[in-house]
Amino acid sequence: MEFHVICTNENYFFRLGISKIIERALLSDAKVNFLSGFNSCSLKQADFILINVSQWRLYMCQPAFRDRKPGSIIMVFVDEYEDVILNQLPVCYRSLLVIPRSDSVCTISRNLTRFWLTTQDRGPGFQPSDCLRCDFARITVVQLQVLSFLKKGYSVRQTSKRLDLSAKTVYAHKYNVMKKFALRGDMEFNAFINDLSLLELYRGVINSVEA
């Protein structure tokens, strides 16, 4: 049996290690094949999608996942399990297995086996129509404008003048963005806007309009 894997981590040793864990967890004679690219074609084939990204990217709309193979599993590696609040994530991340980096190989293998068996009985899994009922991680055009000025170093008051909004309204937009992306405090918010490009956020706006 062969399992197809998409992995955002290009490190050879990480890939070798995770392939051994998958082989051990599912079937001793299973073979792991890493797919190239992160596109519609590869997502339709992938049994596992391994991502290693900043926490708040999990709270963004991911239109590419509309082409996921039914029953596929997304595996995300985090520092602490509590870092991810599963019931707050967009539907893009349905069938998500959270793996703390401190877990032993045995623990990861055991959890993967259990999760795989459970997931295969769930039916079709993620459906493109689910996007119509999901607006948790989409930002509005005005929110994008507010973020663009704050990212450039403008204060809330300066941003309000440039956009002809009240400072209270700018604060409200900032708060709503923090809520959508589960950001706790100004430190996490500043890390968020510094880490994400405006192009990534812009794509989120465009995709929400098209959905």
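## Overview

What percentage of the 211 residues of the protein count as buried? The figure is 45%, and it comes from a predicted model, so please read everything below in that light. The exposed surface of the protein comes to about 11,400 Å², with 53% of that area supplied by carbon and sulfur atoms.

Let's look at the overall layout next. The protein contains 8 helices and 5 strands, and along the sequence they follow the pattern β-α-β-α-β-β-β-α-α-α-α-α-α. If you take the contacts with a separation of 6 or more, 68% of them are between residues 24 or more positions apart.

## The sheet

The 5 strands make an open sheet with parallel pairing, in the order β2-β1-β3-β4-β5. At its edges you will find β2 (31-34) and β5 (96-100). Each of these has a single partner strand, so one side of each lacks a neighbour in the sheet. On average, neighbouring strands are turned by 25 degrees against each other, direction ignored.

As a worked example of the pairing, take β3 (residues 48-51) and β4 (residues 73-78), which run parallel and are joined by 4 bridges. Within this part of the sheet, I49 has I74 of β4 as its bridge partner.

## A helix on the sheet

Helix α1 (residues 12-26) packs on the sheet, where it touches β1 (2-7), β2, β3 and β4. If you compare directions, that of helix α1 makes about 140 degrees with that of β2, one of the two edge strands.

Technical notes. Residues are numbered from 1 along each chain as its sequence is written. This is a predicted model: local features need pLDDT of at least 70, side-chain atom pairs count only at pLDDT 80 or more; totals for chains, interfaces and linings use all residues. Side-chain values use heavy atoms; hydrogens and water are left out. Two strands pair if DSSP finds at least two bridges between them. Axes are lines fitted to C-alpha atoms, for helices over the stretch in contact, and angles run from 0 to 180 degrees between N-to-C directions. Contact means heavy atoms within 4.5 Å. Buried means under 20% relative accessible area, exposed over 50%, partly exposed in between (1.4 Å probe, protein chains only). Accessible areas come from the Shrake-Rupley method with a 1.4 Å probe; for residues, only the protein chains shown count as cover.
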